[in-house]
Each structure stands twice: as C-alpha cells, then as structure tokens.
There are 2 protein chains.
Amino acid sequence: MTVAVSEQTRERLLSAAREVFSECGFQGATVREICRRAGANVAAVNYHFGSKDALLAEALHFESLKLLQETNAQADACPEVRLGLFVRDFMHMLLDENSTSSQCKIMARELADPTPALDQIVREAIAPLHDYLAGLVREIVGDGVSDIELHRCVHSITGQCLYYHHSHPVLQRLHPELRYDGTEIDAIAKHIADFSLQGLKHLGKQA
Amino acid sequence: MTVAVSEQTRERLLSAAREVFSECGFQGATVREICRRAGANVAAVNYHFGSKDALLAEALHFESLKLLQETNAQADACPEVRLGLFVRDFMHMLLDENSTSSQCKIMARELADPTPALDQIVREAIAPLHDYLAGLVREIVGDGVSDIELHRCVHSITGQCLYYHHSHPVLQRLHPELRYDGTEIDAIAKHIADFSLQGLKHLGKQA
DNA sequence: AAGCGTATCAAACGCTCGTTTGAATTTCAA
DNA sequence: TTGAAATTCAAACGAGCGTTTGATACGCTT
C-alpha cells in the first residue's frame with residue numbers, strides 16, 4: 001500500500017494547510033508550521049505540491065460553498081426565507097470554530113490581500129456566490145431595480161456577514177464578552193437577514 | 001537649523017510610513033520601502049523611532065477621525081440626515097485616493113490582522129467612532145431597542161462601509177468597470193445610508 | 001534476497017526582513 | 001575656527017522564510 005501511505009501524507013498536508021491558511025492568511029502561514037501540524041518534513045510540501053502557492057490552490061476546493069447554494073436553492077420556501085437560511089448557513093461557515101469548511105475562512109482572509117490564487121477564488125467561489133445572491137435578491141425586489149443597485153444590495157448583505165469574521169480581533173476588544181457560539185451566530189444571522197430585508201423591501205424610498 | 005533638518009527627515013518618514021502602511025498593511029510594508037520613499041537611509045527608522053512597531057504607533061494619530069465626528073455632531077440636522085453625512089464622509093476617507101487621511105485606511109487594514117498597535121487603534125479611534133455611531137443610531141431607533149441589538153445595527157452599517165475598502169481587489173475582479181471616483185463614492189454612500197435607515201426604521205418587524 | 005522507484009529526512013541554500021554597527025558627515029554653540 | 005553632539009550612511013548581522021539537495025529508509029515486484 002505504498003500509494004496509500006503517500007496519500008495519507010498528502011491529505012494530512014492539505015488538512016493542515018486549510019487550518020493554518022484560515023488562521024493566519026497566506027502571508028502569515030508558514031510552510032514549516034503546516035508541516036509541523038501534519039507531522040511531516042519541511043520538504044514535504046514542495047515534494048507533494050511543488051510550492052506553497054500550489055498548495056494553496058489545491059487546498060481551495062469550494063464544495064461546501066457549492067453545497068450551500070444547492071441546498072438553499074432546493075429549499076421549498078419564499079425568497080425572503082431562503083435569504084434568511086442562506087445568511088444563517090453562511091455565517092456558521094464563517095464563524096463556527098467547529099465548522100469543517102475552512103475554505104470559506106481562507107476565502108474571507110484573502111479578500112483584501114491579493115495572492116496568486118485570488119483570481120481562482122473569485123472565479124470559482126465568489127462570483128458564483130455573488131450571482132446566486134443576486135438572483136435571490138432579484139426575486140425579492142422585482143424588476144424595478146437597476147443592476148447596479150442590485151449589486152450594491154448584495155454587497156450590503158455580504159459586507160455585513162464578512163464584517164463579523166474579518167473584524168473579529170476588533171470586536172473582541174470592543175465587546176470582550178462576545179462569543180461565537182451556535183445561538184449567538186444564529187442571532188447575528190437573524191439580525192442581518194431582518195435588517196437587510198427591510199432595506200430591500202423599501203428600496204428607493206427616501207428615508 | 002539642525003533641528004529643522006532632523007525634523008524634516010522625521011516628517012518625511014512619517015508621511016511615507018502612512019502611505020506604505022495604508023497600501024500594504026503592517027506586515028506587507030517594509031522599512032526599506034518606507035525609507036526609499038522618504039529619501040532616507042535604511043537605518044533612519046530605527047534612529048528616529050526605535051523600531052518599525054514604534055513608527056506605526058507614531059504614524060497613527062486620528063485627528064481626521066475625530067474631526068469627522070465633531071463636524072458631524074455640529075451639523076444642524078436630524079439624526080437620519082447626519083447618519084447620511086457621516087457615511088458619506090467616512091466612505092470618502094476610506095476610498096478616495098486623493099484623501100489625505102491615510103490613518104483611516106491603515107486602521108481598516110489592521111482590523112483583521114492584529115499588530116501590537118491594535119489595542120491603541122481600538123482605544124483611540126474605533127471605540128470612539130463606534131460609540132458616536134451608536135449614539136446616532138439610538139437617536140433614530142429610540143429606547144425600545146436593546147443595547148445588543150443597537151450594537152448589531154452599528155456593525156451592519158460599518159460592515160457595509162468597510163466592505164468596499166477591504167474587498168476592493170475582489171470587487172475589481174467582479175466588476176472590472178468599477179472606479180472609485182467622487183460621484184461613485186457618493187452614490188455608494190447614499191445606498192448604504194438609505195439601505196441602513198430602512199433597516200433601522202423597521203427594526204423588530206418580521207420581514 | 002535483490003533491485004528499483006517512491007517517500008522521507010536533516011541540512012543547507014539563497015533571499016528578504018528588521019535591526020545594529022561604526023565610521024563619515026553635518027550642525028551649531030563656544 | 002574648533003570641538004562635541006546630532007545625523008546620515010554603507011555595510012553587515014542574525015533570524016525567518018520558501019525552496020533545494022543528496023542521502024537514507026521504505027514498499028513492492030521479480
């Protein structure tokens with residue numbers, strides 16, 4: 001079973017890479033730390049993947065994000081409720097420490113700091129996600145809204161979601177009692193969904 | 001005028017540091033690049049400030065953020081309009097390339113990546129800003145809203161604003177035609193203000 | 001058991017980083 | 001003008017990084 005042994009190391013490296021990339025970002029993550037957590041030698045990354053860049057590219061497979069869209073699209077409910085479900089599931093992927101889908105966290109981290117993999121991330125994950133949300137929002141607001149305004153609404157929703165993830169260090173200092181447990185994440189998601197739905201419902205009205 | 005010459009180098013270093021920190025973040029910024037732009041020797045930073053950390057701490061003085069709050073607080077208008085003005089001015093500080101206040105951009109960059117200066121940033125800039133916005137939102141929503149829900153509303157507003165800044169690389173790939181000129185920034189700010197005001201006005205209503 | 005390709009390993013390479021050094025230069029009061 | 005203090009400079013230091021190397025250990029076929 002020589003192949004199996006090799007595959008074990010490869011998989012352990014990929015798993016450790018997702019962990020470290022999502023915790024430290026691409027720049028902050030070191031090949032040495034990834035190998036340490038995988039119980040492998042420093043040279044293992046370059047042997048199995050060729051480079052740190054290629055390891056990131058392999059570690060990025062957005063099955064969970066696709067799954068999120070598909071399960072949401074299959075939900076038998078009105079678009080308003082589906083938006084709420086989407087926000088809830090998305091927030092759990094972003095914030096839940098026990099979440100197995102660290103790809104989402106890696107993605108969030110790379111938003112601001114372009115790496116060679118950003119084009120791939122945008123193409124395979126962010127653009128489809130954005131388009132799906134845009135379709136959902138279109139169902140809610142109808143045809144009387146321009147595409148530009150529609151995109152801005154999507155940005156308003158994703159901006160609220162990502163804020164809790166990427167500003168976590170700040171929020172912890174602002175509200176030391178803040179903990180991201182399951183019920184807190186649900187409450188935050190409900191707030192974002194309700195807040196945004198009101199913004200969508202009354203679109204165009206002057207405040 | 002020996003003092004003046006020395007002061008000139010110090011000031012050039014501070015100015016260059018604000019530039020590079022806001023462009024590249026603390027990790028990405030290098031002492032060599034800062035000194036190059038300041039026309040100074042590599043050793044200048046450590047001679048004048050002691051370390052890269054200390055340079056960041058000195059480069060952070062949030063007069064412009066305080067000014068933003070004060071001018072907004074003095075505005076003779078209802079809280080709804082003042083929120084709109086606040087969002088507009090804040091977005092210009094975040095997005096306008098000609099904006100002289102790079103402190104705001106440095107701050108935004110450091111949100112996700114804790115540096116030794118983050119405690120100072122939160123204490124001197126973010127917390128006052130958050131509190132000011134919380135007061136403004138409280139005026140709008142009244143007393144029937146819990147503090148927790150109030151904070152979440154503030155996060156919804158700042159989250160939308162910061163998204164356009166920290167996700168700029170992604171948004172450029174999603175919408176290649178996007179440019180942050182003055183009128184575009186105004187339009188984005190108006191959208192965020194209107195969108196958020198509807199969320200605030202109808203707080204507590206199920207969607 | 002021998003031979004071969006695969007996988008792992010300790011060690012080191014080349015590079016960049018923040019920082020330090022010590023000499024050279026500039027400044028300005030005495 | 002002179003001398004001490006302040007400033008600038010080229011050069012190098014030490015540490016950490018991604019990566020490479022060449023030897024070693026392993027698994028499997030023959």
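Colleague: Let me start with how two helices cross: is the crossing of helix 11 of chain A and helix 11 of chain B right-handed or left-handed?
Modeller: In this predicted model, the crossing of helix 11 of chain A and helix 11 of chain B is right-handed. Each of the two helices covers residues 182-201 of its chain, and their axes come within 7 Å.

Colleague: What makes helix 11 of chain A roughly perpendicular to helix 11 of chain B?
Modeller: The axes cross at roughly 115°. Angles of 65 to 115 degrees count as roughly perpendicular, so helix 11 of chain A is called roughly perpendicular to helix 11 of chain B.

Colleague: Which residues make that contact?
Modeller: From helix 11 of chain A, the contact is made by A:Phe195, A:Ser196, A:Gln198, A:Gly199 and A:Leu200. From helix 11 of chain B come B:Phe195, B:Ser196, B:Gln198, B:Gly199 and B:Leu200. Sorted by class, there are four nonpolar, six polar and no charged residues in this contact.

Colleague: And why is helix 9 of chain B called roughly antiparallel to helix 11 of chain B?
Modeller: Helix 9 spans residues 147-166, and its axis crosses that of helix 11 of chain B at roughly 160°. Angles over 145 degrees count as roughly antiparallel, so helix 9 of chain B earns that name beside helix 11 of chain B. The two axes come within 10 Å, and the crossing is right-handed.

Colleague: Which residues meet there?
Modeller: On the helix 9 side they are B:Cys153, B:Ile157, B:Gln160, B:Cys161 and B:Tyr164. They meet B:Ile188, B:Ile192, B:Phe195, B:Ser196 and B:Leu200 in helix 11 of chain B. By class, the contact between these helices of chain B has eight nonpolar, two polar and no charged residues.

Colleague: You mentioned cysteines. How many disulfides does the structure hold?
Modeller: Over all chains, the structure holds zero disulfides.

Colleague: How do you know that B:Cys24 is too far from B:Cys35 for a bond?
Modeller: A disulfide needs sulfur atoms within 2.5 Å. The closest cysteine sulfur to that of B:Cys24 is in B:Cys35, at 14 Å, so the pair is too far apart for a bond. The case of B:Cys153 is similar in outcome: B:Cys153 is in no disulfide, and the nearest cysteine sulfur, in B:Cys161, is 14 Å away.

Colleague: Why is B:Cys24 called partly exposed, and what makes B:Cys153 count as buried?
Modeller: Buried means under 20% relative accessible area and exposed means over 50%, with partly exposed in between. B:Cys24 has 28%, so it is partly exposed. B:Cys153 has 0%, so it counts as buried.

Colleague: Is B:His165 buried or exposed?
Modeller: B:His165, in helix 9 of chain B, has a relative accessible area of 16%, so it is buried. Beyond residues up to four places away in sequence, B:His165 touches B:Leu94, B:Leu95, B:Lys105, B:Ala108 and B:Arg109.

Colleague: What about B:Lys201: why is it called partly exposed?
Modeller: B:Lys201 lies in helix 11 of chain B. Its relative accessible area is 43%, so B:Lys201 is partly exposed. Its C-alpha is 15 Å from that of B:His191, ten residues apart in sequence.

Colleague: How do you know that B:Ile126 is buried?
Modeller: B:Ile126 sits in helix 8 of chain B, residues 118-141. Its relative accessible area is 9%, so it is buried. Setting aside neighbours within four places in sequence, B:Ile126 is in contact with A:Val170 and A:Leu174 of chain A, and with B:Met107, B:Leu111 and B:Ile121 of chain B.

Colleague: What makes helix 7 of chain A mostly covered?
Modeller: Helix 7 covers residues 103-110 of chain A, and seven of its eight residues are buried. Those residues are A:Gln103, A:Cys104, A:Lys105, A:Ile106, A:Met107, A:Ala108 and A:Glu110.

Colleague: Finally, how many helices and strands are there in chain A?
Modeller: Chain A has eleven helices and zero strands. Buried residues make up 53% of its 207 residues. Its C-alpha trace spans about 65 × 35 × 30 Å along the principal axes.

Note on methods:
Residues are numbered from 1 along each chain as its sequence is written. Chains are lettered from A and ligands numbered from 1 in the order in which they are written. This is a predicted model: local features need pLDDT of at least 70, side-chain atom pairs count only at pLDDT 80 or more; totals for chains, interfaces and linings use all residues. Side-chain values use heavy atoms; hydrogens and water are left out. Axes are lines fitted to C-alpha atoms, for helices over the stretch in contact, and angles run from 0 to 180 degrees between N-to-C directions. Helices (H or I, at least four residues) and strands (E, at least two) are DSSP runs, numbered from the N terminus. Angles under 35 degrees count as roughly parallel, over 145 as roughly antiparallel, 65 to 115 as roughly perpendicular and the rest as oblique. A crossing is left-handed if the near helix is turned anticlockwise from the far one by less than a right angle, and right-handed if clockwise. Contact means heavy atoms within 4.5 Å. Ala, Val, Leu, Ile, Met, Phe, Trp, Tyr, Cys and Pro count as nonpolar, Asp, Glu, Lys and Arg as charged, and the others, Gly among them, as polar. Buried means under 20% relative accessible area, exposed over 50%, partly exposed in between (1.4 Å probe, protein chains only).
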